[in-house]
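Please open the structure in your viewer and keep the sequence panel beside it, since each stop on this tour begins with a selection.

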Amino acid sequence: MSRPETTEDLEFNLFYQAIQTRFLQQYEHAQQNCWLVCIPRATSLTGCSLTRSFVDMHMLQPSVYLKDQYTAVCNGQRLDWQLRGGQLDCVSSSGTSLSIQVLSEELAYNRQLQQFKMFIVDRPLDPNYKPSGVRGSHYFATKTRRKFEEHVHFLKSFENHREPLRDLDNRVSGFLQHYLIVEQENLLGETASKLGSTTKQAHASFLEANRRDGRLEDRRVHEAVWLSMESYLMEKVHSKVFPALCRVHKRQNDDLVQRSKYLRGTLTPSGVGVSEDYNCPYGQTLLHLNQLESFKSPLEQLYCLQDAMECIQQDAREHFTKTLRHGEPTPLASDDLIALLVS
């Protein structure tokens, strides 16, 4: 069975976590009997109460008479399911009409090394299920945030955000006023350690203050909070840290600039050993690279650099089209990206 474009990460699926812990007995019973285990995708579980009866609905016993037919029994109610072309159709005599898409199939083995199947399905098998309009932890964990304002908005979406952010602002104020950055390359690590320690303390404080927020059951949201706290901090200290870094590395950068000027005639894609397909104008790539210095947080700069690298292939492809060549540019090896960025 084909997989969707983005497969479900079971490690962060609340239903899968529940049958691995609270409902392990039911899960092991299904494994032992080689039943079909259906796991609703994480985004469909927002607002669902993970009870014993809810779990029972998703442990399907294969029919001994009919191929691809399964039965679930929950609170005395029997639900029959038929697998047809990538979807489960409810064929219950109660008149319930329901079709559920199977997104992907996983094969697993029980303790007796017998094979059983797990289906990732697009919604719970509960006939009374209604989609929640509330955004669940999956949305907050996987959403990409680039700008400072987006990180602040995310942090402020937690009810108890004020005190942790106020405490962090006080730490930032103390850093800006009193911390001395020793501008020597071998001592910059001390500043990095200081900022890392501050982020760690702020992150722990924020999680503790919001420990009752259901989104934090998903560990990926912990990581999202960390990235937002880090970006929040680095935006605040940029005016002090970044100029110091520039001064420390100025001599090294000046040497590179002088070498680049000396080698200007040979710093072309072909001159550094890259395919002639990439000897072309890089309008969009340069546009992104020229914006790099305008970003304050390392995460924003990283995304900017990522966009520039993606534009290299795009610029080469457009040059192919304009010069009436057919096909696609030669695939670019990862090692060649550095050479192209230098040239």
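The stops below go from one helix to its surroundings, then to the nonpolar cores and a pocket.

Before selecting anything, bear in mind that this is a predicted model.

**Stop one: helix 10.** Select residues 298-322, which form helix 10, a run of 25 residues that reaches 36 Å from its first C-alpha to its last, close to the 36 Å expected at 1.5 Å a residue. Looking along its axis, you should find a kink of about 25 degrees, centred on Cys-311. If you then colour the buried positions of this helix, they include Leu-299, Tyr-303, Asp-307, Cys-311, Asp-315 and His-319. An α-helix has 3.6 residues a turn, so residues three or four places apart point the same way.

**Stop two: Cys-311.** Stay in helix 10 and centre the view on Cys-311, which counts as buried because its relative accessibility is 7%, and the cut-off for burial is under 20%. Which residues does Cys-311 touch, not counting those up to four places away in sequence? Show Gln-284, Thr-285 and His-288, and you have these partners on screen. The C-alpha atom of Gln-284 is separated from that of Cys-311 by 6.1 Å, although the two residues are 27 apart along the chain.

**Stop three: Glu-293.** Move next to the loop between helix 9 (283-290) and helix 10, where Glu-293 lies. Is Glu-293 buried or exposed? Glu-293 is exposed, because its relative accessible area is 71%, and exposure is set at over 50%. A distance drawn from its C-alpha to that of Cys-304, 11 residues away in sequence, should read 9.8 Å.

**Stop four: the nonpolar cores.** Select Val-225, Met-229 and Val-237, the residues with the most contacts inside the largest nonpolar core, which has 28 residues. Helix 5 (148-156), helix 6 (162-178), helix 7 (188-209) and helix 8 (219-262) each supply at least two residues of this core, and the largest share, 11 residues, comes from helix 8. Around Val-237, leaving aside its neighbours within four places in sequence, display Val-172, Phe-175, Leu-176 and Leu-195, with which Val-237 is in contact. Apart from this core lies another, of 21 residues, among them Trp-35, Ile-39, Met-59 and Ala-108.

**Stop five: the largest pocket.** Finally, select Leu-195, Met-234, Val-241, Leu-245 and Pro-298, which lie nearest the centre of the largest pocket among the 17 residues that line it. About 310 Å³ of space lies in this pocket. Helix 7, helix 8 and helix 10 are the elements that give two or more residues to its lining, and helix 8 gives the most, with 7 residues.

How values were computed
Residues numbered from 1 in each chain as written. Predicted model: local features only at pLDDT ≥ 70, side-chain atom pairs only at ≥ 80, totals over all residues. Heavy atoms only, no water. Helix = DSSP H or I, 4+ residues; strand = E, 2+ residues; numbered from the N terminus. Expected span 1.5 Å × (residues − 1). Bend = angle between axes of the 7 residues up to and from the residue. Buried < 20%, exposed > 50% of the residue type's maximum accessible area, 1.4 Å probe, protein only. Core = buried A, V, L, I, M, F, W, Y, C linked by side-chain atoms within 4.5 Å. Contact = heavy atoms within 4.5 Å. 1 Å grid on protein atoms, 1.4 Å probe; cavity = no way out; pocket = protein on both sides within 12 Å on 5 of 7 lines; lining within 4 Å. Points joined across faces, edges and corners; volume = space filled by probe spheres on them.
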